[in-house]
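Grab your viewer and work through these exercises one at a time. Try each task on your own before you read the solution under it.

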Amino acid sequence: MLIILSLPAEPRSLPVPGGIVVVPLDGADRYTEVSLMGHRGIFCIEEKERYAIVPVPLGTRKGRYAIRLKRERAKPVDLPVEIARKDYAEQHLVLRERRKVNPEFRDMRRIEREAIRKRRDKTFRSERPPKVDFLWPAKGKISSPFGLRRFFNGQPRAPHRGLDIAAPEGAPVRASEEGVVVDAGDFFFSGNLLFIEHGQGLMTLYAHLKRIVVKPGEKVQKGEVVGYVGRTGRATGPHLHFGVLIDGVYVDPSAFLP
């Protein structure tokens, strides 16, 4: 059974491609899993309120879908949800380093190895309850919002799956919430990249860092400095690329930020 509760200010439901759906829950039922289109979500507790959050993949078409809630010793519950259409703007960028647009043969093996590593990182999942009271990871101006259809040197590339925060090189980057460092390293496109898991597959990533100051397996606290703003990898200037994933699905970080 579902009841309507007053939801927290963050995260906010964004039932669009690349967004999230926040579902209030009845505390009487013990739910074991929540999913949308096969992608698992997370369960959160806000004081005495319980709710679930499911990701909406960026490529989702407009229409009606079902959120599935599994319960202990009971039939699953399917909740209808309408996903609205959203047209994301285009962004055209010019890079002087052509290898970051059209990698050479010598780069491809590295890129393939890193793609496998990233897939493993993105699907890491612990069972600890997540906290979602995120803070901004860096101080600066948003230079590129989530979802932009991107063109590098006139060539179409994958949509922008994060939020770019323009900030001075060397400015501190802080963990948005407490969690555990899943991976950290230097990647061809992402530069110095850091993954932090916050529970049940909720993850944040921090890319293009000048320097990383934490290590895989290390527990970090909310607001702790984990690195410094840089321009490593495929970047046109110093900034932080901040991403949020649920069950490996990139979602709009603005839904979680105050």
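## Exercise 1: The pocket lining

Helix H1 gives the most to the lining of the largest pocket, with six residues. Keep in mind that this is a predicted model.

**Task.** Work out which elements line the largest pocket, and which residues lie closest to its centre.

**Solution.**
- Step 1: start with the volume, which is about 890 Å³ for the largest pocket.
- Step 2: go to the middle. Of the 34 lining residues, Lys-118, Phe-189, Ser-190, Arg-234 and His-241 are the closest to the centre.
- Step 3: collect the elements that give two or more residues to the lining. These are helix H1 (105-122) and the strands S8 (90-93), S9 (141-144), S10 (149-152), S15 (191-199), S16 (202-212) and S19 (239-246).
- Step 4: sort the lining by class, which yields 15 nonpolar, 10 polar and nine charged residues.

## Exercise 2: Two strands at the pocket

**Task.** Find how S8 and S10 run relative to each other, parallel or antiparallel, and how many bridges join them.

**Solution.**
- Step 1: count the bridges. S8 and S10 run parallel, joined by four of them.
- Step 2: pick out a facing pair, where Gln-91 stands opposite Arg-150 in S10.
- Step 3: recall the general pattern, in which side chains of a regular strand alternate between the two faces of the sheet.
- Step 4: apply that to S8. Gln-91 and Leu-93 make up the covered face of S8, while Glu-90 and His-92 make up the uncovered one.

## Exercise 3: The four-stranded sheet

**Task.** Give the strand order of the open sheet formed by four strands, and say which strands sit at its edges.

**Solution.**
- Step 1: read the order across the sheet, S3-S2-S6-S7, with antiparallel pairing.
- Step 2: look for strands that pair on one side only. Those are the edge strands, S3 (39-40) and S7 (74-83).
- Step 3: take S2 (residues 31-36) with S6 (residues 63-71). Five bridges hold this antiparallel pair. Tyr-31 has Arg-71 as its bridge partner in S6, and Glu-33 stands opposite Lys-70.
- Step 4: turn to S2 and S3, which are antiparallel with two bridges. Here Ser-35 stands opposite Arg-40 in S3.

## Exercise 4: Rings on rings

**Task.** Classify the aromatic pairs Tyr-31/Phe-43 and Phe-188/Phe-189: which is stacked and which is edge-to-face?

**Solution.**
- Step 1: get the total, which is five aromatic pairs.
- Step 2: check Tyr-31 and Phe-43. Their centres are 6.5 Å apart with 15° between the planes; planes under 30 degrees apart count as stacked, so this pair is stacked.
- Step 3: place the pair in the chain. Tyr-31 is in strand S2 and Phe-43 in strand S4 (residues 42-46), so the contact ties together parts that are 12 residues apart in sequence. Both Tyr-31 and Phe-43 are buried.
- Step 4: move to Phe-188 and Phe-189, at 5.0 Å centre to centre and 85° between the planes. Over 60 degrees counts as edge-to-face, so that is the label here.
- Step 5: compare accessibility. Phe-188 counts as buried at 3% relative accessibility, whereas Phe-189 counts as partly exposed at 23%.

## Exercise 5: Charges over rings

**Task.** Find which ring lies under Lys-100, and which under the charged end of Arg-234.

**Solution.**
- Step 1: Lys-100 lies over the face of Phe-188, 3.8 Å from the ring centre.
- Step 2: the charged end of Arg-234 sits over the ring of Phe-152, 4.2 Å from its centre.
- Step 3: link back to the pocket, where Arg-234 is among the residues closest to the centre.

## Exercise 6: Positive phi

**Task.** Locate Arg-73, Asn-153 and Met-37, and note the phi of each.

**Solution.**
- Step 1: recall the background, namely that most residues other than glycine have a negative phi.
- Step 2: Arg-73 has a positive phi of about 55°. This residue lies in the loop between S6 and S7 and, at 81% relative accessibility, counts as exposed.
- Step 3: Asn-153 has a positive phi of about 50°. Its place is the loop between S10 and S11, and 29% relative accessibility makes Asn-153 partly exposed.
- Step 4: Met-37 takes a positive phi near 55° in the hairpin of S2 and S3, which has two residues between the strands.

Technical notes:
Residues are numbered from 1 along each chain as its sequence is written. This is a predicted model: local features need pLDDT of at least 70, side-chain atom pairs count only at pLDDT 80 or more; totals for chains, interfaces and linings use all residues. Side-chain values use heavy atoms; hydrogens and water are left out. Two strands pair if DSSP finds at least two bridges between them. On a 1 Å grid over the protein atoms alone, a cavity is a set of points where a 1.4 Å probe fits but cannot get out, and a pocket is an open set with protein on both sides within 12 Å along at least five of seven lines; lining residues have an atom within 4 Å of a point. Grid points are joined across faces, edges and corners, and a volume is the space filled by probe spheres set on the points. Ala, Val, Leu, Ile, Met, Phe, Trp, Tyr, Cys and Pro count as nonpolar, Asp, Glu, Lys and Arg as charged, and the others, Gly among them, as polar. Rings of Phe, Tyr and Trp (its six-membered ring) pair if their centres lie within 6.5 Å; planes under 30 degrees apart count as stacked, over 60 as edge-to-face and the rest as tilted. Buried means under 20% relative accessible area, exposed over 50%, partly exposed in between (1.4 Å probe, protein chains only). A charge sits over a ring if NZ of Lys or CZ of Arg is within 6 Å of the ring centre and within 35 degrees of the ring normal.
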